[in-house]
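Biologist: Could you take me through one part of this model slowly, the sheet with five strands and whatever packs on it? I'd like to know how the strands are ordered and which pieces sit against them.

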Amino acid sequence: PSNGGDAAPAERTEPYRLGVLSLGSLTTAFKAATLSLQDMCDAANVELVQVELAGFDDQGFLTTYENMINMGVDGVVAYTFSEGTIRLLADLFEENGVEWFLANRQISDPELKEYVFSKSKFVGNCFCDEQQMAYNVVEQLHKDHGVKNLAVIGLTQGDLNGDLRDKGIAAACEDLGINLLTETRGIATAGDVTNAVEGIITSYPEVDGIFIVGGAITTGALAGANQSLVNHGLSDKVA
């Protein structure tokens, strides 16, 4: 007979399913991160569900995470290239009962941070020292590749991650005596970067290094602009 108490939760028989963007083919950093995540999932008997990014704009990210939810994931390691989608992501995961972790993205708005951290399905957040990392990259371009005239293809100003990288780039240029020739902003696609690279090379023949600040579009940008870079001897001086 029943004692009137709550029934014990049913024991889970299927592995936990963790959704993540399929970005390993785009950059070495994302590939390494994906391999590490796969190793951890294998050790914990977690099924890693990799989903192709629907687009590099905010809607593309939202659509991709909606696709993950529709595939029945239990949790998500979430990336976003702007802070503008974070509140929407918090609501999306909360409403669908999906746990999520925000990776490689510092939240600059205190009210937004409080909102996100108050959600029951939010697991945590990690980010790196963007300013120091950008400084280190410029330093490496200068010391290892002799770069003295640098162009930057950066994120839209006002994005915390991009702004911190800008500070690191500017500090390194000042400390190392590098000329910061030009900056291009608001790049969203690999085709945009290709055009920007070709425009920089045409307008600034003295350029000997290009820092493409965005992450996932870098490989596509280099593939599209490869011939121009090779023709101008810059193929080994792009970060």
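**A close look at the five-stranded sheet**

Modeller: Sure. Quick orientation before we zoom in: this is a predicted model, and the chain has 8 helices and 8 strands. Of its 239 residues, 43% count as buried. If you take contacts between residues at least 6 apart in sequence, 71% of them join residues at least 24 apart.

How far can you trust it? Mean pLDDT for the chain comes out at 84, with 80% of the residues at 70 or more. Confidence peaks in α3, at a mean of 97, and bottoms out in helix α8 (residues 218-231), at 56. Where pLDDT is low, the predicted coordinates shouldn't be read in detail.

Now, your sheet. It's an open one, and reading across it you meet the strands in the order β2-β1-β3-β4-β5, paired in parallel. The edges are β2 (46-51) and β5 (122-126); each has a single partner strand, so one side of each is left without a neighbour in the sheet. Going from strand to neighbouring strand, the average turn is 20°, ignoring direction.

As a reminder, strands of a sheet pair through backbone hydrogen bonds, in parallel or antiparallel fashion. For an example here, look at β3 (residues 75-78) and β4 (residues 99-103): they run parallel and are joined by 4 bridges. If you want a spot to click on, V76 has W100 in β4 as its bridge partner.

Next, what lies on the sheet. Helix α2 (residues 58-70) lies across β1 (16-21), β2 and β3, and its direction makes an angle of about 160° with β1.

Helix α2 also has a helix beside it. Two packed helices are described by the angle between their axes and the distance between the axes. For α2 and α3 (residues 86-95), the axes come within 11 Å and cross at roughly 10°. With an angle under 35 degrees, that makes the two roughly parallel. On the α2 side the contact uses L62, Y65, E66 and I69, and these meet L88, L89, L92 and F93 of α3. Sort those contact residues by type and you get 7 nonpolar, 1 charged and no polar.

Two loop residues that adjoin this sheet deserve a click as well. Most residues other than glycine have a negative phi. N45 goes the other way, with a positive phi near 55°. You'll find N45 in the loop between α1 (28-43) and β2, and its relative accessibility of 58% means that it counts as exposed. N104 also has a positive phi, near 55°. That residue is in the loop between β4 and α4 (110-117), and with a relative accessible area of 31% N104 is partly exposed.

One last thing, in case you scroll further along the chain: there's another open sheet, of 3 strands, in the order β7-β6-β8 and again with parallel pairing. Its edge strands are β7 (179-184) and β8 (209-212), each pairing on one side only. The twist there averages 20° from one strand to the next. Strand β6 (residues 149-153) runs parallel to β8, with 4 bridges joining them, and I153 stands opposite I212 in β8.

Methods:
Residues are numbered from 1 along each chain as its sequence is written. This is a predicted model: local features need pLDDT of at least 70, side-chain atom pairs count only at pLDDT 80 or more; totals for chains, interfaces and linings use all residues. Side-chain values use heavy atoms; hydrogens and water are left out. Two strands pair if DSSP finds at least two bridges between them. Axes are lines fitted to C-alpha atoms, for helices over the stretch in contact, and angles run from 0 to 180 degrees between N-to-C directions. Contact means heavy atoms within 4.5 Å. Angles under 35 degrees count as roughly parallel, over 145 as roughly antiparallel, 65 to 115 as roughly perpendicular and the rest as oblique. Ala, Val, Leu, Ile, Met, Phe, Trp, Tyr, Cys and Pro count as nonpolar, Asp, Glu, Lys and Arg as charged, and the others, Gly among them, as polar. pLDDT is the predictor's confidence in each residue, from 0 to 100. Buried means under 20% relative accessible area, exposed over 50%, partly exposed in between (1.4 Å probe, protein chains only).
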